[in-house]
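Thanks for passing this one along for a second pair of eyes. My comments follow as numbered points, to be read with the model open beside them.

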Amino acid sequence: MRVLQILLAAAALAFAGLIVFAIADGSFSEAGTWLTSEPWGLVTLADLYLGFVLSALVIWWFERRLPVALLWVLPIPFLGNVWTAIWFVFRLPHLRDRLARR
């Protein structure tokens, strides 16, 4: 379990690094224009946001306190899967235990 948490944390850090690299490139609006003008770009965006919604649902169902659930769910559309990966790093043992009880 610990190895998986470390791998998820490393993946989140690597992904965050890619985001910083892309932001530093400075072509975000140009890339966004292309993304929204191409059919596969729209498919990619739809897939991304569907993943955000599914992640938010999993987090919502597993967090027992409303303020904690909101703390994790609300930033997902802005911070994306980096935020979701961080949640998994912290909650993976808890998820395993709750799923094993079923």
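1. Leu50 belongs to helix H3. This is a predicted model, and in it Leu50 has a relative accessible area of 48%, so the residue counts as partly exposed. Exposed begins over 50%, which is worth remembering if you sort residues by class. For a sense of distance, Leu50 and Gly26 lie 24 residues apart in sequence, and their C-alpha atoms are 26 Å apart in space.

2. Now the chain as a whole. Its secondary structure amounts to 6 helices and 0 strands, and reading along the sequence gives the pattern α-α-α-α-α-α. The C-alpha trace spans about 50 × 25 × 25 Å along its principal axes. Of the 102 residues in the chain, 25% are buried. If you look at contacts with a separation of 6 or more, 56% of them join residues 24 or more positions apart.

3. Which residues form the largest nonpolar core? There are 12 of them: Phe52, Ala56, Ile59, Phe62, Val68, Trp72, Val73, Ile76, Trp83, Trp87, Leu92 and Leu95. At least two residues of this core come from each of helix H3 (39-62), helix H4 (66-73) and helix H6 (81-100). As general background, nonpolar side chains in soluble globular proteins tend to be buried together.

4. Trp72 is a good residue to click on within that core. Setting aside neighbours within four places in sequence, Trp72 is in contact with Ile59, Glu63, Trp83, Ile86, Trp87, Phe90 and Arg91. Among these partners, Ile59, Trp83 and Trp87 are themselves listed in the largest nonpolar core. Trp72 also turns up in the contact of H4 with H6, as described in point 6.

5. On to the helix pairs, with H3 and H4 to begin. Their axes are 9 Å apart and the packing angle is about 160°. With angles over 145 degrees counted as roughly antiparallel, H3 is therefore roughly antiparallel to H4. H3 passes H4 in a right-handed crossing. On the H3 side the contact uses Ala56, Ile59 and Trp60, while H4 brings Leu66, Ala69, Leu70, Trp72 and Val73. Sorted by class, this contact holds 8 nonpolar, no polar and no charged residues.

6. What about H4 and H6? The axes of this pair come within 10 Å and cross at roughly 135°, which means that H4 is oblique to H6. Val68, Leu71 and Trp72 of H4 meet Trp83, Ile86, Trp87, Phe90 and Arg91 of H6. By class, the contact of H4 with H6 comes to 7 nonpolar, no polar and 1 charged residues. Arg91 is among the H6 residues in this contact, and Arg91 is also one of the residues that Trp72 touches.

7. Helix H1 (residues 2-25) packs against H6 as well, at an angle of about 165° and with the axes 9 Å apart. H1 and H6 are therefore roughly antiparallel to each other. Here the crossing is left-handed. From H1, the residues involved are Leu4, Gln5, Leu8, Ala9, Ala12, Phe15, Ala16 and Ile19, and they face Val82, Ala85, Phe88, Val89, Leu92 and Pro93 in H6. The class count for H1 with H6 is 13 nonpolar, 1 polar and no charged residues.

8. Is Leu92 buried or exposed? Located in helix H6, Leu92 has a relative accessibility of 11% and so counts as buried. Not counting residues up to four places away in sequence, Leu92 touches Met1, Leu4, Gln5 and Leu8. Leu92 is also listed in the largest nonpolar core and takes part in the contact between H1 and H6. The C-alpha atoms of Leu92 and Glu30, which are 62 residues apart along the chain, are separated by 37 Å.

9. Last, a look at one partner of Leu92, namely Leu4. Leu4 lies in helix H1, and with a relative accessibility of 44% this residue counts as partly exposed. Leu4 and Gly51 are 47 residues apart along the chain, and 20 Å separates their C-alpha atoms.

Terms used:
Residues numbered from 1 in each chain as written. Predicted model: local features only at pLDDT ≥ 70, side-chain atom pairs only at ≥ 80, totals over all residues. Heavy atoms only, no water. Core = buried A, V, L, I, M, F, W, Y, C linked by side-chain atoms within 4.5 Å. Buried < 20%, exposed > 50% of the residue type's maximum accessible area, 1.4 Å probe, protein only. Helix = DSSP H or I, 4+ residues; strand = E, 2+ residues; numbered from the N terminus. Contact = heavy atoms within 4.5 Å. Axes fitted to C-alpha atoms, helices over the stretch in contact; angles between N-to-C directions. Parallel < 35°, antiparallel > 145°, perpendicular 65-115°, else oblique. Left-handed = near helix turned anticlockwise from the far one by under 90°. Nonpolar A, V, L, I, M, F, W, Y, C, P; charged D, E, K, R; others polar.
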